[in-house]
Amino acid sequence: MRIGELAAKAGVSVRALRYYEEHDLLTSVRASSGQRHYPRDAIGRVRLIQQLYAAGLSSRTIVELLPCIEDGEVTPALLERLSRERDRVEEQIDSLVSTRDRLEHLIATATRARDVGHSCPGWVGPPPP
């Protein structure tokens, strides 16, 4: 399939696909006219790359992880890298949960203030344990 078709099916821009190729995340075969052609399984690969980017992984990290994902090639170094990435994502999750809890507390405090005719307090401490 051509680059525009892959972009549409995978839900990314043509520019993103070119970027993936520049960073060795995706490969294509060039026709004699210079057009890029991708195999059907490129859709899944692009979606995986998008998920890994969304989790905060860099292009370099994704390139390092792809052999394990695609070929099942596992080394001790790769397992260590995967563990570090998992730990980093877990820290992000914990931080987001904390932020959500603070927002919930602020919403509850502001709602109570509004319900009794007061303005929102300027500072609301951390939620109670």
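A salt bridge here is a side-chain nitrogen of Lys or Arg within 4 Å of a carboxyl oxygen of Asp or Glu. By that rule, the whole structure has 11 salt bridges. The model is predicted, so local features need pLDDT of at least 70 and side-chain atom pairs pLDDT 80 or more, while totals for chains, interfaces and linings use all residues. Residues are numbered from 1 along each chain as its sequence is written, and side-chain values use heavy atoms, with hydrogens and water left out.

**Exercise 1. Work out which face of α2 is buried.**

Step 1: Get the terms straight. Buried means under 20% relative accessible area, exposed over 50%, and partly exposed in between (1.4 Å probe, protein chains only). Helices (H or I, at least four residues) and strands (E, at least two) are DSSP runs, numbered from the N terminus.

Step 2: Pick out the buried residues of α2: Ala-16, Leu-17, Tyr-20 and Glu-21. Looking down the axis of α2, you'll find them within an arc of 140° (taken from the directions from the helix axis to the C-beta atoms), so they line one face of the helix.

Step 3: Now flip to the other side of α2, where Arg-15 and Glu-22 are exposed.

Step 4: See what the buried residues pack against: α1, β2 (36-37) and α3. Contact means heavy atoms within 4.5 Å.

**Exercise 2. Find the salt-bridge partner of Glu-21 and say where the two residues sit.**

Step 1: The partner is Arg-36, at 2.9 Å, N to O.

Step 2: Glu-21 belongs to helix α2 and Arg-36 to strand β2, 15 residues apart, so to speak a link between distant parts of the chain.

Step 3: Check burial: both Glu-21 and Arg-36 are buried.

**Exercise 3. Compare the settings of Glu-64 with Arg-81 and Glu-80 with Arg-84.**

Step 1: Glu-64 and Arg-81 form a salt bridge with their closest N and O atoms 3.0 Å apart. This pair links distant parts of the chain, with Glu-64 in helix α4 and Arg-81 in helix α5 (residues 76-115), 17 residues apart.

Step 2: Glu-64 counts as partly exposed because its relative accessibility is 36%, whereas Arg-81, at 13%, counts as buried.

Step 3: Glu-80 and Arg-84 meet at 3.8 Å, N to O. They are 4 residues apart in helix α5, so about one helical turn separates them. Glu-80 is partly exposed at 43%, and Arg-84 is partly exposed at 43%.

Step 4: Finish with the network: salt bridges that share partners join Arg-60, Glu-64, Arg-81, Glu-85 and Arg-88.
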